[in-house]
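Reader: I should like to learn how to read the internal cavities of a protein model. Could we go through one case together?

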Amino acid sequence: EFGKQWYQRRVRDLRMCTRGSTVPVDKVKFVRELYSHGAIKFGEFKLKSGIMSPVYFDRRALVSLPRLMRDAATLLYDAARDMKYTCICGVPYTALPIATVISVDHDIPMVIRRKEMKDYGTKKMVEGIFEAGESCLIIEDVITTGGSILETVDILEKAGLKATDGVVLLDRQQGGHVNLSNNNFNIKSVFNISEILNTLQKEGDI
């Protein structure tokens with residue numbers, strides 16, 4: 001009972017508060033550092049969607065680059081400044097570390113969406129402390145078709161959460177934004193692939 005009362009106060013406080021300020025991230029420097037560390041690669045790559053692409057964002061490299069991961073978290077947090085939410089959820093698995101940084105840095109409750117139900121423990125698909133009807137912001141690193149976000153929306157809504165808004169670090173501009181919009185999901189991206197390529201070309205990196 002005490003835990004429930006605390007959480008109700010916490011939700012009330014989050015709904016009333018204004019999102020805190022952050023130290024601005026130099027987006028050009030961020031993109032160039034991603035490239036220099038090999039997080040942006042050029043070649044021939046098969047994506048999860050089955051689409052072949054000449055550009056690959058190796059976002060798993062971010063877990064080994066804590067400063068850049070914090071910068072990514074800041075950019076995503078700032079992108080969601082005008083959105084209303086009381087908790088966040090990172091799309092498993094690569095967006096989870098970024099969502100965790102946002103949660104810890106800004107004192108925002110996080111829930112974890114499982115990829116599959118376990119046959120032990122709570123057997124829940126969504127772990128964490130929340131109440132039905134709360135608004136959950138979805139955090140994603142990359143969208144191609146938007147399928148992973150829609151899958152996450154479905155699971156969160158079945159658990160009783162509202163999930164209508166999300167932020168993504170990179171939009172590959174391969175139909176994901178339109179697909180999400182057609183499914184009444186509002187997505188805001190920090191970068192799209194054209195911006196990434198234009199930045200690297202302008203700076204003489206490619």
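Author: Let us begin with a definition of residue classes: Ala, Val, Leu, Ile, Met, Phe, Trp, Tyr, Cys and Pro count as nonpolar, Asp, Glu, Lys and Arg as charged, and the others, Gly among them, as polar. Please note also that this is a predicted model.

Reader: How many cavities of 30 Å³ or more does the count come to?

Author: The general idea is that rolling a probe the size of a water molecule over the atoms shows where empty space is left. In this structure the count comes to two cavities of 30 Å³ or more. The largest cavity has a volume of about 80 Å³, and the second largest has a volume of about 40 Å³.

Reader: Which residues line the second largest cavity, and how do they divide by class?

Author: Its lining is made up of Met 83, Lys 84, Tyr 85, Ser 135, Cys 136, Leu 137, Lys 162, Ala 163, Thr 164 and Asp 165. Two elements, strand 6 (135-143) and strand 7, each give two or more residues to this lining. Strand 7 gives the most, with four residues. By class, the lining has five nonpolar, two polar and three charged residues.

Reader: What lines the largest cavity, and which element supplies the largest share of that lining?

Author: The lining residues are Phe 30, Leu 34, Ile 40, Val 55, Tyr 56, Phe 57, Leu 169, Leu 170, Arg 172, Phe 191, Ile 193 and Ile 196. Helix 2 (27-36), strand 2 (52-57), strand 7 (162-171) and helix 7 (193-202) are the elements that give two or more residues to it. The largest share, three residues, comes from strand 2. By class, this lining divides into 11 nonpolar residues, no polar residues and one charged residue.

Reader: Let us turn to a single residue of strand 6, Asp 141. Is Asp 141 buried or exposed?

Author: The way to read this is to compare the relative accessible area with a cut-off: buried means under 20%. Asp 141 has 1% relative accessibility and therefore counts as buried.

Reader: Which side chains are joined to that of Asp 141 by polar contacts?

Author: There is a polar contact of 3.0 Å between the side chains of Asp 141 and Arg 59. Another, of 2.5 Å, joins the side chain of Asp 141 to that of Thr 94.

Reader: Which residues does Asp 141 touch, not counting those up to four places away in sequence?

Author: With those places left out, Asp 141 touches Phe 57, Arg 59, Thr 94, Ala 95, Ile 98, Val 168, Leu 169 and Leu 170. Among these, Phe 57, Leu 169 and Leu 170 also appear in the lining of the largest cavity.

Key: Residues are numbered from 1 along each chain as its sequence is written. This is a predicted model: local features need pLDDT of at least 70, side-chain atom pairs count only at pLDDT 80 or more; totals for chains, interfaces and linings use all residues. Side-chain values use heavy atoms; hydrogens and water are left out. On a 1 Å grid over the protein atoms alone, a cavity is a set of points where a 1.4 Å probe fits but cannot get out, and a pocket is an open set with protein on both sides within 12 Å along at least five of seven lines; lining residues have an atom within 4 Å of a point. Grid points are joined across faces, edges and corners, and a volume is the space filled by probe spheres set on the points. Buried means under 20% relative accessible area, exposed over 50%, partly exposed in between (1.4 Å probe, protein chains only). A polar contact is a pair of N or O atoms within 3.5 Å; within protein, one must be able to donate a hydrogen and the other to accept it, and residues adjacent in sequence count only if both atoms are side-chain atoms. Contact means heavy atoms within 4.5 Å.
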